[in-house]
Amino acid sequence: MRRCIVPLVTVSLLGLILAASVTDAINFYWQSVLMFMGINIILSTSLNLVNGNMGEFSCGHAGFMAVGAYVSSVLAVALFAPGGFLGGPYLPGYLTVFAFPLLLLAGGLAAAVTGLLVALPSFKTRGDYLAIITIAASYIIKSTIENVGAVGGARGFMGMAKITSAMTEVWNIPWMMLWVFAAVVFTLVVIRRYVSSTFGKGVDAVRQDEIAAEIMSVDTDRVKLVTFMLSSGLAGIAGGLFAFVLGYINPGSFTIIKSTEAMVMVYLGGMGSISGAALSAVAFTLLMEVLRPMQVGKWVIIPMMLILLMQFRPEGFFGHRELTDIFPGLRRLLGREESGK
Amino acid sequence: MALLDVVNLTRDFGGLRAVCEFETRFEGRELLGLIGPNGAGKTTVFNVVSGFYAPSAGEILFQGKSTAGLKPHKVTALGIARTFQNIRLWFDLSVLDNIRVSQYYHLEYGLWDCFLRTERYKRREAAIAANAHEILEALNLAEYAGELPKNLPYGLQRRVEIARALSVKPKLLMLDEPAAGLSSADVDDLIKLIGWIHKEFDLAIWMIEHQMDVVMKLCTRIQVIDFGQTIADGTPLEIQANPDVIKAYLGDDAI
């Protein structure tokens, strides 16, 4: 019975959100806030794998997001959009309903491969140097896209709206809401399964003492590589969703500011805590909306919050603890085993 | 075939020869000691044998095969486990998780098994957890399974580190100053524990130790090194009477 609680709550939450969107109980503005919230959850929990669990310092999350965004939208527009790009469409519009998750995964895969290319040279380095390498890599990605005329260069790329409208022609529901929700669930399940396995506990071991990990039979190079690829792959999926929710992307959407946002969410929530990273993504998205009237002023408030947080609670609100560690009652409700017992 | 054969091992750090033409040989399940003054190169020998440093010259044969070029985790997987002079547990992972992670060498499942929670994953994780509980039970650590090592007293941390090394199912266990920092009562327990592990787990033990009490009671043969050179090799009684050893420890004036 207890095993069913999580899936049951998840499905009813999805039903509630979809119903509310269809009936206009929540207006278009709040629908898009909800979708960006989901995208932010994916960004923050995936970055948390590297910056929190593995204790490295990656600052180029937006770069991987850009790879995912461009690969999935260019693929989608080339295959499905009527008239124009690369002489398509090659596939009928109704297939988008089925192909969309595959397009997202293709973007994620491309981002993961990019992550591999970034991680390989950074193996010999740690800490500050990885930060520099990831910043450099995200700049390379951004300027590469700016200089590829076929995908619009600095002007940006659009046409994703045709894909989303092809989906609504099949069945008129808020598809993007559904996909974002599904991707968030997918991300949380994948990350949770990863970090709770012995394989993934190796990531914590690497953070706490890499030499001891290597000596105690943990293949530390593999652990670092897999974790970095997983993190960047999930960022790629977030990027794909971002592209389709907005309907328009340009290289300027994936600057260091975007990477910083992801880092703020991780450090706000607590490093190494999935629920912390997810909840702080929710809080951060709402905060950004509340502070929207202040315009650029919000970039004074948010860094200020970060400074205060580092002063008074450097481990973040949750700090390597999960929601279930803070409310033991919740753990009992979910029927989860206590870690290590 | 010898279990471990260290032939002519030399290790340089820049212009410093930390270990010079060191030799040792484990025929079967011996319990050998490696002693010497501070900075003699004992831990360097351990670091080279465990694959952390490559030897500058010489060879290490484990069960007849050279370990040259193997990364430390591969060397460990062959059956060489070690503890550290200053305890290097993962202090923020539970005691049980410490023992689980160090069984990484026989995970035997891939990333997809982990994501999809396949039968293979469940079977392997169950086996790993069962192994871990068995080792904790054997070393009287079962009640601390859920604790974080950072919250345990020093003596117990030592014990957990030995348990973690045993979880690799080693054929050779290298202990780097296991008695360092222990109270005399804890040292007595440790001597019993090491003797018991040696018999119970049927493995060879190689121990660096400063406390003569421990080495003299446990080891069948002791090697002494000083400034990287092996200066004596023999039974505890021989070593105790060896003038070179006394000189290395106490200086020329002592004799």
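**Exercise 1.** In this predicted model, find which residues A:Phe254 is in contact with once its neighbours within four places in sequence are left aside, and then place A:Phe254 in the largest nonpolar core.

*Solution.* Begin with the contacts: leaving aside the neighbours within four places in sequence, A:Phe254 touches A:Ala62, A:Met65, A:Ala66, A:Ala69, A:Tyr70, A:Lys142, A:Phe242 and A:Ile249. Next, turn to the largest nonpolar core, which has 144 residues, and note that A:Phe254 is among those that touch the most other members, together with A:Met176, A:Tyr194, A:Leu241, A:Ile249, B:Leu173 and B:Ile197. Helix H10 of chain A (residues 220-246) supplies the largest share of this core, with 14 residues, and at least three residues come from each of domain 1 (46-254) and domain 2 (256-334) of chain A. Finally, apart from this core lies another one of 25 residues, including B:Leu3, B:Ala18, B:Leu172 and B:Ala204.

**Exercise 2.** Describe how helix H3 (residues 61-80) and helix H4 (residues 96-119) of chain A cross, and name some of the residues through which they meet.

*Solution.* Take the axes of the two helices, which come within 8 Å of each other and cross at roughly 140 degrees. The handedness follows as the next step: H3(A) passes H4(A) in a right-handed crossing. For the residues, look on the H3(A) side, where A:Phe64, A:Gly68, A:Leu75 and A:Phe80 are among those that meet H4(A), and then on the H4(A) side, where the partners include A:Leu103, A:Gly107, A:Ala111 and A:Val118.

**Exercise 3.** Decide whether B:Ile80 is buried or exposed, and find which residues it is in contact with beyond its neighbours within four places in sequence.

*Solution.* First locate B:Ile80, which lies in strand E6 (residues 80-82) of chain B. Its relative accessible area is 2%, and because buried means under 20%, B:Ile80 counts as buried. Beyond the neighbours within four places in sequence, B:Ile80 is in contact with B:Val49, B:Phe62, B:Val75, B:Leu172 and B:Met174. As a last step, compare sequence with space: B:Ile80 and B:Pro170 are 90 residues apart in sequence, while their C-alpha atoms are 5.3 Å apart.

**Exercise 4.** Work out how strands E9 (residues 221-226) and E10 (residues 229-234) of chain B pair, and which residue of their hairpin takes a positive phi.

*Solution.* The two strands pair in the antiparallel sense over five bridges, and B:Ile222 stands opposite B:Gly234 in E10(B). Then look at the hairpin, which has two residues between the strands, where B:Phe227 takes a positive phi near 50 degrees.

Terms used
Residues are numbered from 1 along each chain as its sequence is written. Chains are lettered from A and ligands numbered from 1 in the order in which they are written. This is a predicted model: local features need pLDDT of at least 70, side-chain atom pairs count only at pLDDT 80 or more; totals for chains, interfaces and linings use all residues. Side-chain values use heavy atoms; hydrogens and water are left out. Two strands pair if DSSP finds at least two bridges between them. Helices (H or I, at least four residues) and strands (E, at least two) are DSSP runs, numbered from the N terminus. A nonpolar core is a set of buried Ala, Val, Leu, Ile, Met, Phe, Trp, Tyr and Cys residues joined through side-chain atoms within 4.5 Å. Buried means under 20% relative accessible area, exposed over 50%, partly exposed in between (1.4 Å probe, protein chains only). Domain bounds come from an automatic or database domain assignment. Contact means heavy atoms within 4.5 Å. Axes are lines fitted to C-alpha atoms, for helices over the stretch in contact, and angles run from 0 to 180 degrees between N-to-C directions. A crossing is left-handed if the near helix is turned anticlockwise from the far one by less than a right angle, and right-handed if clockwise.
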